Amino acid sequence: MTATDAGAPARGVDRPSRWELRTCGRKGHQTYAPHESELAQRLSGQTGAGQVWRCLRCGDFVLGAPHGAGPADQAPLVLRGKALRSAIILRVLAAERLVRTVLLALAVYGVLRFRASRGSIQAALDRDLPALRAAGIHLDQLALVHELQHALTTQPSRLSLVAALLAGYAAIEAVEAVGLWLLARWGEYFAAVATAVFLPLEVRELAKGVTLTRAGAFTINVAAVLYLLLAKHLFGLRGGRAAYDSERRGEQLLEVERSALGSAPQHPGGGRAPAGSTDDRAAATTTTLPDPTPHSTRSLP
Ligand SMILES: [Zn+2]
C-alpha cells in the first residue's frame, strides 16, 4: 500500500459516522474560518438565520461565528473518521492499563504486608482489603504477580526486591496508560513493546492452567500488540510513518476541501506542525495530500 492509497479515504466527509456525531454531541462542533477566501467559501454559507460554518469533525453546517480563524495550515487537527475510531480504541486500552496500574499498586501493598501475613500476596490483601475479595479480583492470577510471589515464597528475604519489581511493572503500565490516552506516537510504541515483552510470561502462566483472568489478559494483550503494530504502522509496517501520517491528514475536512479546490499549497520547510497538543498532531505534516475528492453538495439547513 502506498502512502497516497492510505490517505485517500475521505470517507465520512459527506455523511458523518456515529462516532463523529457522538463526539460532536459531547464536545460540541468545531468550526474554523481559514484565511484563504476560496476555502472559506467552501466551508461557509449564508442562511436566513445568519452565517453557518461547516464543523471540521462531522461536516455539518453550524450556525454562528467560527470557533477559530487563521491560515488553513494552522487549523486544529480534528480527529474524525478512521482516526477518531482509532482514538477511541486507544483510550479504552488506556483505561484498561490504568486498571492494571491500580491492581499492581495493590500488589505492591500486598507484598509489603506479606511478611506479617505469612500467606500469599492475595491473602495479605484479602485481610486488609476485604472489598477486593468481595469483588473477586485475583491479583495472583496476573502472570508477573504470580511469578514474583513464587520467588517470595522461596526466599522471603527478597521482599523489597519483589516489591520494587512490581512497582516498576506498575510504572510501566501507568506510562502505557498515559501515552495511549494522549494518542502519542511514543505511547503507541511504548505500549506495543512493553506489552509484547510480557507475553511469554503470560503464555507460561496459561500453560500451567487456563483461567478466565489469565486468558482474558492474554487475549487483550495479543490483540493490543497486533492492533498497535498494524493499525498504527509501527516499525515501518504497512507503509510505516508515511502511511500513518497520510491517514491522519487525509481525513481532515480542510485538506479534503483544499484538495477539491486543486490549490493544495506546499508545506514550507517540509511541513510545520499545526496547532495542537499531542505528538500525533505534530506528526500530521510532511506527507502527500490525498487524491482530490468531489466536494460535498450538502444543502444548507
Ligand atoms: Zn460537528
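**Figure 1. The largest nonpolar core of the predicted model.** In this predicted model, the largest nonpolar core holds 22 residues. The members that touch the most others are A107, V111, I121, L139, V145 and L166, so these make good starting points if you are browsing the core on screen. Four elements give two or more residues each: α4 (81-117), α5 (121-128), α7 (143-154) and α8 (159-181). Of these, α4 supplies the largest share, with six residues.

**Figure 2. A close look at V111 and its partners.** Here we zoom in on V111, one of the core members that touch the most others. With neighbours up to four places away in sequence set aside, V111 is in contact with I121, L152, L159, V162, A163 and L166. Two of the names in that list, I121 and L166, may ring a bell: they too are among the core members with the most contacts to other members.

**Figure 3. A second nonpolar core.** Separate from the core above is another one, made of 19 residues. Among them are L39, V52, L79 and L84.

**Figure 4. Helices α8 and α9 where they cross.** The axes of α8 and α9 (residues 185-197) come within 8 Å, crossing at roughly 145°. This crossing is left-handed. On the α8 side, the contact is built from I172, V175, E176, V178, G179 and L180. Helix α9 answers with W186, G187, F190, A191 and A194. By character, the contact residues split into eight nonpolar, two polar and one charged.

**Figure 5. L183, in the loop between α8 and α9.** Staying with the same pair of helices, this view shows L183, which is found in the loop that joins α8 and α9. Its phi is positive, about 60°, although L183 is not a glycine. Is L183 buried or exposed? L183 has 21 other C-beta atoms within 10 Å, and therefore counts as buried, the cut-off being 20 or more.

**Figure 6. F235 and L237, in the loop between α11 and α12.** Both F235 and L237 lie in the loop between α11 (212-231) and α12 (240-250). F235 is another residue other than glycine with a positive phi, in this case near 50°. Why does F235 count as exposed? There are 11 C-beta neighbours inside 10 Å of F235, so it falls in the exposed class, which takes in residues with 12 or fewer. L237, by contrast, is partly exposed, with 14 other C-beta atoms within 10 Å. Leaving out residues up to four places away in sequence, L237 touches L229 and L230.

**Figure 7. The whole chain, with a word on confidence.** Stepping back, the chain has 14 helices and five strands, and 37% of its 301 residues count as buried. Among contacts between residues at least 6 apart in sequence, 70% join residues at least 24 apart. The average pLDDT of the chain is 79, and 81% of the residues score at least 70. Which stretches fall below 50? Residues 1-13 do, although the model shows 49 contacts for this stretch beyond near neighbours in sequence. Residues 266-301 also have pLDDT below 50, and this stretch has 87 contacts of that kind in the model. A friendly caution: where pLDDT is low, the predicted coordinates should not be read in detail.

Methods
Residues numbered from 1 in each chain as written. Predicted model: local features only at pLDDT ≥ 70, side-chain atom pairs only at ≥ 80, totals over all residues. Contact = placed C-beta atoms within 7 Å. Core = buried A, V, L, I, M, F, W, Y, C linked by C-beta atoms within 7 Å. Axes fitted to C-alpha atoms, helices over the stretch in contact; angles between N-to-C directions. Left-handed = near helix turned anticlockwise from the far one by under 90°. Nonpolar A, V, L, I, M, F, W, Y, C, P; charged D, E, K, R; others polar. pLDDT = per-residue confidence, 0-100.
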